[in-house]
Amino acid sequence: MFQLDKLLRDNIRKLVPYSSARDEFKGEAQVFLDANENSLGSPLTRWYNRYPDPLQWKVKEALSRVKGIAPQHIFLGNGSDECIDILYRAFCEPGKDNVIINPPTYGMYEVSAHINDVEVRRATLLDDFQLDLVHLENLVDENTKIIWICSPNNPTANSMNRQDVEVVLNNFPGLVVVDEAYINFSRHRSFIQELTDYPNLVVMQTMSKAWGLAGLRLGMAFASEAIINVYNKVKPPYNINQATQELALKALEDTDQVNDMIRALVTMREQMTIELAALPVVKKIYPSDANFLLVKVTDAKAVYQYLLNKGIVVRDRSKVELCEGCLRITVGTASENRQLLEALGQF
Ligand SMILES: *Cc1c(COP(=O)(O)O)cnc(C)c1O
């Protein structure tokens, strides 16, 4: 049912990818005169005068040990943004193909579609923020290439029912992308181990949230080797710079600290939920599997502005469908959370 070759755009199927100096010569040598680098060095360290590994094998091997996924099933992008954009460019014919999103959800699926002139169809989530499978199915036609599922979802903070995602994976012949940016904060199991069962599955994760490395810009896509090969064919040759590769490698050695931070953030999330619920300004707090809370307040616009005047920035989501009256609040440090609670207590 799933045929990758038929799903690809013609120009990408026929594409002869750029072959860099680093691609063409992979052996051991002492003298590198093949890439027009500055052999004398740089104002920084001698490392940075050389082009980085185009396929980031060291980072992927380290990630492979952390995630239990073979390196050839991993693509690294300049943030998840690049992992999203490349799927559009490889699979979606501008002005012809379409994708389906499940709003309210992460904004980049739609922005990236518009940049690529790809139609976006919307299967709004049900009132309990779960997938509307009937609506989803009705939106699919022969030009539907991708279904975007965000779980845990931003901004609603919940995870999608596993069985629902499996129904989509089993029945949709295009790509199903499960964006797990917040998976480390969730009680639910990742889909990352299901790649062998589903040739149409792409799981996205990121170093920007639990790993605390939003500034590095490192997104990950996990998929079949065939899909990863498409990613590698379309990506810019050196999409992950040397500094990011080195720093990510270093971070991946310290999983203990990351796990400690995840535990601390989840504990504070639960504590915040209790304390926020006790405030008169708070009408409802939705259950969260992420590092943020979706909070319904008495007057979202006024509360947002009030907090801003106190130097506290939250995200006003009150104009978003199904999120009327809601603010999205990131779990901060203990001190930041206290400041927020104190301010809201005085509203
Ligand atoms: C924050 C976030 C990301 C991460 O994006 P990066 O480009 O990797 O920083 C991806 N998906 C969702 C749903 C997010 O909220």
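The largest pocket has a volume of about 770 Å³, and since this is a predicted model, please take every value I mention as computed from predicted coordinates. Which residues sit closest to the centre of that largest pocket? Of the 23 lining residues, those closest to the centre are Arg 22, Trp 47, Tyr 51, Pro 52 and Asp 53. If you want to find the walls on your screen, the elements that give two or more residues to this lining are helix H3, at 21-24, helix H4, at 57-67, and helix H10, at 242-252. Helix H10 supplies the largest share, with four residues. As for chemistry, the lining of the largest pocket splits by class into 10 nonpolar, five polar and eight charged residues.

Let's go on to the second largest pocket. Its volume is about 350 Å³. There are 20 residues lining the second largest pocket, and the closest to its centre are Lys 6, Leu 7, Leu 8, Glu 142 and Lys 145. Here the elements that give two or more residues are helix H1 (4-7), helix H2 (10-14) and strand S4 (144-150). What does the lining of the second largest pocket look like by class? We get six nonpolar, four polar and 10 charged residues.

Now to the ligand, which I suspect many of you have been waiting for. A shell of 13 residues surrounds the ligand, and the closest are Tyr 182, Thr 206, Ser 208, Lys 209 and Arg 217. Three of these names come back when we look at polar atoms. Tyr 182 places a polar side-chain atom 2.7 Å from an oxygen atom of the ligand. Thr 206 also has a polar side-chain atom 2.7 Å from a ligand oxygen. For Arg 217, an N or O atom of the side chain is 2.6 Å from an oxygen atom of the ligand. How much of the ligand's accessible area does the protein cover? On its own the ligand has 390 Å² of accessible area, and the protein covers 93% of that.

Which element gives the most to the shell around the ligand? That is helix H5, residues 79-91, with three residues. By class, the shell holds four nonpolar, five polar and four charged residues.

Next, a few backbone details for anyone setting up calculations on this model. I'll begin in the loop between strand S2 (98-101) and helix H6 (108-115), where we find Asn 102. Is Asn 102 buried or exposed? With a relative accessible area of 4%, Asn 102 counts as buried, because the cut-off for buried is under 20%. Its side chain does find a partner: the side chain of Asn 102 reaches the backbone oxygen of Trp 148 at 2.8 Å.

Stay in that loop for a moment, please. Pro 104 is also found between S2 and H6, and the peptide bond from Pro 103 to Pro 104 is cis, with omega near 0 degrees. There is a cis peptide bond from Ser 151 to Pro 152 too, this time with omega near -5 degrees. Pro 152 lies in the loop between S4 and helix H8, which runs 162-171.

Then we have positive phi values. Gln 56 has phi near 50 degrees, a positive value in a residue other than glycine. Gln 56 belongs to the loop between H3 and H4, and it is buried, at 1% relative accessible area. Phe 129 is not a glycine either, and its phi is positive at about 65 degrees. You will find Phe 129 in the loop between strand S3 (119-122) and helix H7 (133-139). At 5% relative accessibility, Phe 129 is buried as well.

My last stop is Phe 347. Where does Phe 347 sit? Look in the segment after helix H13, which covers 334-345. Phe 347 has a relative accessible area of 43%, so it is partly exposed, a class that lies between the buried limit of 20% and the exposed limit of 50%. In sequence, Phe 347 and Val 281 are 66 residues apart. In space, their C-alpha atoms are 7.0 Å apart.

That's my tour, and I'm happy to go back to any of these spots on the screen.

How values were computed: Residues numbered from 1 in each chain as written. Predicted model: local features only at pLDDT ≥ 70, side-chain atom pairs only at ≥ 80, totals over all residues. Heavy atoms only, no water. Near = heavy atom within 4 Å. Polar contact = N/O pair within 3.5 Å; in protein donor to acceptor, adjacent residues only side chain to side chain. Areas by Shrake-Rupley, 256 points an atom, 1.4 Å probe, with all protein chains shown as cover. Nonpolar A, V, L, I, M, F, W, Y, C, P; charged D, E, K, R; others polar. 1 Å grid on protein atoms, 1.4 Å probe; cavity = no way out; pocket = protein on both sides within 12 Å on 5 of 7 lines; lining within 4 Å. Points joined across faces, edges and corners; volume = space filled by probe spheres on them. Buried < 20%, exposed > 50% of the residue type's maximum accessible area, 1.4 Å probe, protein only.
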